[in-house]
Amino acid sequence: GVTVIITIDTDAGTLSFGLWKDPQQSSQSEGGASAALASPVSLASPRRSGSSLGSSSPVLEDWGVAFEGLPLDARLYPAIGLYQRDDKVTLLAAASSIKGGSSGRGGGPFSSSAGGGLLYPRGSSLKDLAHQEASLANRVCSWNEALNSDAIAYASAVLSESVSVLSSGHGAVEQNQLIDEILPSLASSLCFQTPSTPVLSGCTAIALLPLLTQCATLLDRYVQSKELTASSLNEMEPGKWVIRTASSGTKALEKDVDEYVVSLKQVSTGNSTDFGIHGMGIGTTGRFKNGHVTITGSVRGSSLTFVEDWQNGGSLSLPTLSRTRSPSSCVVEARLSADGARFEGTYRNIRFDTSGKIAGAYHDPTQRMFSRSNSLAVRTVTLLTHAASRLAANLSLGTSLEDLREKTFEGGQDPDKLVLELLASSNLLSRGKAGFDIEDVGLVRDMYRPYLANCDCIDASKKWQDDALAPLLEKLSSISRETDAASHRRIDGAQDARVAVATGGFGSLSVLDREAYQTSRLDIVSVFLHHTDLYDTIVPKLIDPDADIPADAIPLWKKALQIMEAGVRSAIASQKAGSTRKEKCQAYCRLSSTISNFLLGLPSAAESGVFSSARDAILLDIENIYQTIQNEVHLRGLERQMDFMTLCGIARCVSLSCISMLLSEIQTVAAIEAIAVSFPRVSNGEKGATEKKGTPRQNSSALAGVSATLGTKPNTHAAGFMPGIGTHYLTSLHGCSSDVQDLVSVCVQDVYTTFGNILHNKVVSSKDAELGTSTSTQSLALSILSSFLTALKPSDFDSFVIKSKLVESLSSILSQYRSSISSTNVSAIQQRDKRADSSLSVMKNLLESANSFSLKQVSRSALSVIHALAYQVTSWSSSADGHVEDISYILELLCTHFREVLRALSNVELDHHTKKTCKRAEADWQIWMKNRSPEDSSFGEEMTTNAA
């Protein structure tokens with residue numbers, strides 16, 4: 001058999017065939033063509049050389065293009081002809097391997113690895129494979145690792161040379177092919193860098209982030225020095241365009257695909273960021289073949305809107321929305337690509353009341369220049385910033401977390417499912433251990449160093465790494481190294497005697513081993529005193545023999561006795577053979593003391609604020625921990641899982657530091673918008689990112705059960721979940737060190753404070769451009785406002801609302817945009833359309849309509865933020881989750897919300913009153929016409945005629 005390679009180019013609309021020839025692979029061997037595809041030698045490899053492609057190497061024999069002009073936005077179905085009796089065909093994915101593997105996607109032996117696991121199978125997932133399958137997996141890893149190293153080396157070379165050019169002066173930047181052509185292409189490809197390939201995704205991120213950040217910073221300074229920030233990010237290429245349309249709907253046929261060629265030019269409308277387009281063309285395929293078309297429209301940012309008028313022949317008319325002016329008129333709404341050479345969108349035919357998809361491509365490459373306009377520099381710095389934000393997110397998302405898990409559980413067993421569910425549901429454990437070590441930071445920093453040993457970019461990034469790790473190292477130096485006093489704050493027998501007599505005694509099962517039993521019971525009491533923060537309140541009164549027993553001590557001692565009695569009884573009832581009841585009691589007491597020592601090492605639950613209600617919730621949580629942990633293996637698994645979550649938190653801190661460094665340097669509005677769009681992925685993390693559905697380790701992450709657990713809790717607010725808004729940014733870090741969680745909170749709050757100040761300074765108080773006319777500021781406002789739609793806790797309020805000047809910004813935005821909240825007066829637009837019948841008036845009408853739509857989007861986003869904040873503030877009060885000390889900001893927020901509701905209500909009432917008045921007048925007129933006298937007939941007929 002042979003392996004045929006089929007390639008569909010959806011941009012060019014072509015289909016090509018080729019033959020994969022591997023002399024080493026016998027057509028009769030096990031696996032056949034499938035194994036040939038997995039060969040680690042490929043023509044695509046940048047490592048290949050002429051000498052390596054001998055007669056024994058596989059070769060792709062290209063047969064060329066078989067079909068051209070394939071329809072865009074249409075389904076294509078494969079058809080294969082079988083002529084002989086025994087002919088057969090097998091469809092193979094590009095990543096298929098050998099026969100006999102899993103039936104999952106790809107069909108290979110390691111196809112159980114989700115997504116990028118096919119490209120870089122982990123050793124832990126292949127340990128049970130046969131020798132042949134494991135050998136194949138190792139070959140795949142080696143080839144893809146070499147390919148990724150070459151890609152990193154190429155990208156590093158381009159970025160390093162770009163940094164050198166940008167550092168040498170502005171004269172070297174202008175008309176430089178590296179900066180104008182190669183750098184944007186590289187940056188755009190990095191914007192789509194996947195986080196799902198084990199090891200390789202993290203290697204790419206850590207290797208290229210320093211150079212990307214440096215390159216973006218230098219180019220941003222160039223943009224600022226040349227005052228190019230007002231330039232439009234998108235400019236449509238003038239010249240020859242090929243446009244295709246495809247009808248949609250159940251009645252759409254293949255013949256409903258039209259193609260036409262149009263020559264377009266830009267027209268200035270007096271706005272530096274918005275412009276019009278005008279052009280004429282002729283149909284080449286479909287229903288309007290040889291027909292003439294006139295296009296007039298506008299480009300506002302990436303939004304492209306234009307009107308088409310078709311004529312079968314004769315003179316061409318100006319575009320219009322009239323149904324009778326031309327044989328066919330269409331309104332098109334589309335999105336323009338970043339390079340201004342493509343667009344995709346939808347059209348609506350006014351005359352025939354049909355709609356469909358439309359796409360256009362620039363088809364005049366001879367007219368393109370290396371630097372067409374000032375927008376190229378703005379576009380490139382935006383792409384670089386977006387790519388840097390993407391790679392920063394990849395450091396703490398997807399398989400990067402799984403790489404950390406491999407390091408944490410290397411040579412050990414994954415935690416039990418019950419332990420993971422405990423970690424996901426326990427508020428006490430959610431705050432993790434206190435502190436973290438320099439070894440943890442070093443593990444995250446050096447995790448990919450062995451894979452990048454031959455890469456020069458790692459040594460060059462030392463300063464960047466120092467800056468990215470600075471918050472962690474500063475936090476580490478501030479953590480006290482003194483022994484935790486909680487380990488010494490234990491109850492002794494003398495302090496216990498008085499309370500035990502009043503709370504049910506010393507336990508009926510203590511007769512099995514009184515000393516071990518009482519020691520374990522007092523350890524549990526010490527745990528309760530530590531986490532309820534009652535030690536200093538209760539113990540001094542117990543020392544004084546004349547003092548009454550504190551009322552707060554009674555429930556603690558009773559609950560400790562209940563835990564011991566239930567635990568020992570359960571241990572005795574176990575089916576463990578060869579052990580006496582005394583030995584089982586002693587074993588449980590040792591386990592209980594070990595759990596107590598672990599819990600005493602955790603931060604106090606009362607001080608950490610994870611519990612919002614009475615102390616009973618703390619006691620129940622601790623009781624659940626003692627009941628769930630059934631052996632020391634469970635406890636070790638829990639501790640290792642918490643260590644892993646601490647590493648995840650450290651990785652999140654590094655990602656947040658990268659975002660902070662970008663925000664501190666970048667000034668270009670479009671680039672800041674790219675950071676704002678990417679930030680929610682970095683701040684909120686990825687629930688279950690370490691595990692993918694269907695993998696063998698689906699249940700081996702504490703994150704896997706977080707959502708389900710939170711959804712069933714009566715009080716979900718305390719767990720960081722706000723219905724309709726989402727989860728708090730710390731929810732995905734359950735079990736992470738409390739100090740690392742505090743650092744993550746500080747980093748996230750600082751970024752949101754910066755976003756709020758940018759919103760206030762560049763959007764609300766900007767002197768360069770008013771909100772109502774500037775596309776860039778409106779787009780920036782939308783991206784920043786959307787990032788504020790997140791779940792908060794009372795501790796976030798100061799940074800998110802007060803320091804960020806958010807309330808002031810929201811009030812100003814609504815004040816400036818209030819006129820856009822009300823419904824657009826259609827009749828007024830129609831009156832504007834009756835102005836001078838020129839292409840310029842059509843362009844301005846379209847720009848005004850697009851601007852009005854953008855204004856409404858910003859207004860609705862501002863109102864949505866107010867809704868979300870007001871809802872959460874009131875939820876904090878009703879759920880006793882906490883409160884905000886300065887109530888004035890809350891009142892201002894709620895008053896702003898209330899004012900907008902009243903204004904919207906008045907508009908609704910006015911509209912309803914107008915409609916009601918019109919209906920009443922019409923009804924009165926009909927009654928009068930019915931009851932009119934004969935002498936009024938002539939008057940009524942005259943009025944009816946005039947009304948008509």
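Guide: A strand is a DSSP run of E with at least two residues, and strands are numbered from the N terminus. In this predicted model, Asp9 is found in strand β1, which covers residues 3-9.

Visitor: What makes β1 and β2 count as paired strands?

Guide: Two strands pair if DSSP finds at least two bridges between them, and β1 is joined to β2 (residues 14-21) over seven bridges in the antiparallel sense, so the requirement is met. One example is Ile8, whose bridge partner in β2 is Leu15. The two strands form a hairpin with four residues between them, and Gly13 in the turn has a positive phi of about 70 degrees.

Visitor: Why is Asp9 called partly exposed?

Guide: Asp9 has a relative accessible area of 34%; since buried means under 20% and exposed means over 50%, this value falls in between, and therefore Asp9 is partly exposed.

Visitor: Which residues form a negative surface patch with Asp9?

Guide: The patch is formed by Asp9 together with Asp11, Asp73 and Glu344. Asp and Glu count as negative, so the patch is called negative. For membership, a residue needs over 30% relative accessible area, a condition that Asp9 meets with its 34%.

Visitor: How do you know that Lys433 forms a salt bridge with Glu639?

Guide: The closest N and O atoms of Lys433 and Glu639 are 3.9 Å apart, and the cut-off is within 4 Å, so the pair qualifies as a salt bridge. This pair links distant parts of the chain, because Lys433 is in the loop between α10 (427-430) and α11 (438-445), whereas Glu639 is in helix α21 (residues 632-665), 206 residues apart.

Visitor: How exposed are Lys433 and Glu639, and what makes you say so?

Guide: Lys433 has 25% relative accessibility and Glu639 has 27%; both values lie between 20% and 50%, so each residue counts as partly exposed.

Visitor: What is Asp643 to Lys433?

Guide: Asp643 forms a salt bridge with Lys433, with the closest N and O atoms 3.2 Å apart. Asp643 lies in helix α21 and Lys433 in the loop between α10 and α11, so the pair ties together parts 210 residues apart in sequence. Lys433, Glu639 and Asp643 are thus linked in a network of salt bridges.

Visitor: How many salt bridges does the structure hold?

Guide: The structure holds 12 salt bridges, including the one between Lys803 and Asp798. Their closest N and O atoms are 3.5 Å apart, which is within 4 Å, so the definition is satisfied.

Methods
Residues are numbered from 1 along each chain as its sequence is written. This is a predicted model: local features need pLDDT of at least 70, side-chain atom pairs count only at pLDDT 80 or more; totals for chains, interfaces and linings use all residues. Side-chain values use heavy atoms; hydrogens and water are left out. A salt bridge is a side-chain nitrogen of Lys or Arg within 4 Å of a carboxyl oxygen of Asp or Glu. Buried means under 20% relative accessible area, exposed over 50%, partly exposed in between (1.4 Å probe, protein chains only). Patches are made of residues with over 30% relative accessible area and no salt bridge: like charges are joined within 9 Å, nonpolar side chains (Val, Leu, Ile, Met, Phe, Trp, Tyr) within 5 Å. Accessible areas come from the Shrake-Rupley method with a 1.4 Å probe; for residues, only the protein chains shown count as cover. The place of a charge is taken as NZ of Lys, CZ of Arg, CG of Asp or CD of Glu.
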